[in-house]
Amino acid sequence: MFFNIQNSQQRSEYQEFLKIAGCLSNLFSDSNVPYLYYRVAEKVFCRAFGAEDLSRSDVSADAKKGSIGIGLKTFLQGNNKTFQKVAEFNSDRSLYVDLKADDLIYKVSELRNKRIEFTTNAYELNNAIYHCVIRDEGKFKIFEESMDRINLDKIHNIKTKNRNSISFEDDKNEYSFLLTKSTLTKRFITTPVLYEFDVEILKDPLLELRKLLKKKDLFLDFNNTIIQTIYLPLYSKKRGQNIVHEKSGLNYWNAGGRERHLNEVYIPFPAGIRKSFIGFFPDRQTSFNLKLPNGKIMKSKICQENGKALMSYSNRDLGQWILRDVLKLKEGTLLTYDKLQEIGIDSVRIDKINNLDFEINFTGIGVYDKFLGSLG
């Protein structure tokens with residue numbers, strides 16, 4: 001899997017970081033079971049193993065190292081066979097809400113598989129796993145297993161329970177879909193564990209932290225490499241509906257006026273965002289580096305009237321990446337909003353590192369609207 005093939009220094013550092021997080025448990029509860037907030041678990045994992053943090057990107061993996069995608073989870077040991085959330089489909093509710101139980105499960109399973117496929121394509125993964133930190137009395141345990149797609153041909157034993165959930169199985173796993181929360185859960189059978197270690201919980205963590213902070217040689221580094229962040233839509237609005245225009249944006253290759261390459265596209269840079277973030281990108285005469293989720297650098301620029309378009313410096317590269325490599329659309333096929341909705345993304349996040357270096361990642365349905373709302 002992953003943990004056992006990392007070097008001993010990284011595994012040791014990971015253990016120490018988890019112990020530090022766990023020792024502060026009495027800040028949050030009085031239990032003998034160490035507490036571990038899932039966001040802390042993600043940060044610790046990426047810090048110790050030098051993995052890329054994907055947790056802000058609304059994809060099926062929380063981290064990536066090399067060509068391995070990792071879904072990070074932490075939960076109580078329980079009976080070693082608990083159900084845990086693996087996906088949420090609130091934004092896709094209209095696609096399945098009126099279906100009968102069997103059809104609903106097939107649709108949700110199909111959506112789940114498409115999201116895993118999208119993540120695999122976007123980040124160029126060869127493998128995907130779950131890495132779990134299991135919380136038990138006085139210790140943490142490490143467990144890993146493959147992140148399987150649901151075998152649509154082997155779905156069986158579909159059962160509706162109290163109108164609130166539908167359980168089902170394929171040839172490898174047991175699942176339950178929670179109707180009220182639009183959440184897919186999977187049973188994790190967490191034996192045998194890969195590794196375990198004791199965690200000492202401090203009786204008075206506040207007192208210990210105060211002692212630490214009073215040390216004169218304490219150095220706190222709050223450096224953040226991201227200067228600023230904006231979100232850009234992969235769609236437009238028409239009569240209140242989200243659409244991808246047939247002749248602009250990611251379908252710009254289909255526009256009239258002149259002959260265009262089938263990969264010629266752009267990401268809209270709306271006027272409201274341009275006005276609120278003046279100077280975010282360089283001027284139209286200056287190209288810049290755009291780091292993709294797969295780690296590659298795409299030379300890019302701001303184009304068109306009033307700088308309304310984010311494009312690759314070569315007008316073919318952006319379309320090759322998004323339409324062909326990630327979305328797997330055949331040349332000449334129009335992108336639709338339904339396609340974006342199926343895989344659970346409709347916008348991108350742009351992180352500014354400095355004036356000439358930026359990073360792009362995909363974001364989930366509704367994220368852009370929330371961003372607009374935050375601007376007032």
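Me: By class, what does the lining of the second largest cavity have?
Reply: Five nonpolar, one polar and one charged residues. Nonpolar is Ala, Val, Leu, Ile, Met, Phe, Trp, Tyr, Cys and Pro, charged is Asp, Glu, Lys and Arg, and the others, Gly among them, are polar. This is a predicted model, where local features need pLDDT of at least 70 and side-chain atom pairs 80 or more, while totals for chains, interfaces and linings use all residues. Numbering starts from 1 along each chain as its sequence is written, and side-chain values use heavy atoms, without hydrogens and water.
Me: OK, which residues line that second largest cavity?
Reply: Tyr14, Ala41, Phe45, Leu72, Lys73, His131 and Val133 (each with an atom within 4 Å of a point on a 1 Å grid over the protein atoms alone, where a 1.4 Å probe fits but cannot get out).
Me: Which helix and strands supply at least two of those each?
Reply: Helix 2 (38-49), strand 3 (68-76) and strand 5 (127-136). Those are DSSP runs numbered from the N terminus: H or I of at least four residues for helices, E of at least two for strands.
Me: How many cavities of 30 Å³ or more are there?
Reply: Two, from a search of the whole structure. The largest has a volume of about 40 Å³, and about 40 Å³ lies in the second largest, counting the space filled by probe spheres on grid points joined across faces, edges and corners.
Me: And what lines the largest one?
Reply: Arg112, Tyr130, Glu145, Ser146, Met147, Asp148, Asn173, Tyr175 and Lys186. That makes three nonpolar, two polar and four charged residues.
Me: New topic: which residue in the turn between strand 7 and strand 8 has a positive phi?
Reply: Asn162, at about 55 degrees, and the hairpin has three residues between its strands.

Technical notes:
Two strands pair if DSSP finds at least two bridges between them. On a 1 Å grid over the protein atoms alone, a cavity is a set of points where a 1.4 Å probe fits but cannot get out, and a pocket is an open set with protein on both sides within 12 Å along at least five of seven lines; lining residues have an atom within 4 Å of a point.
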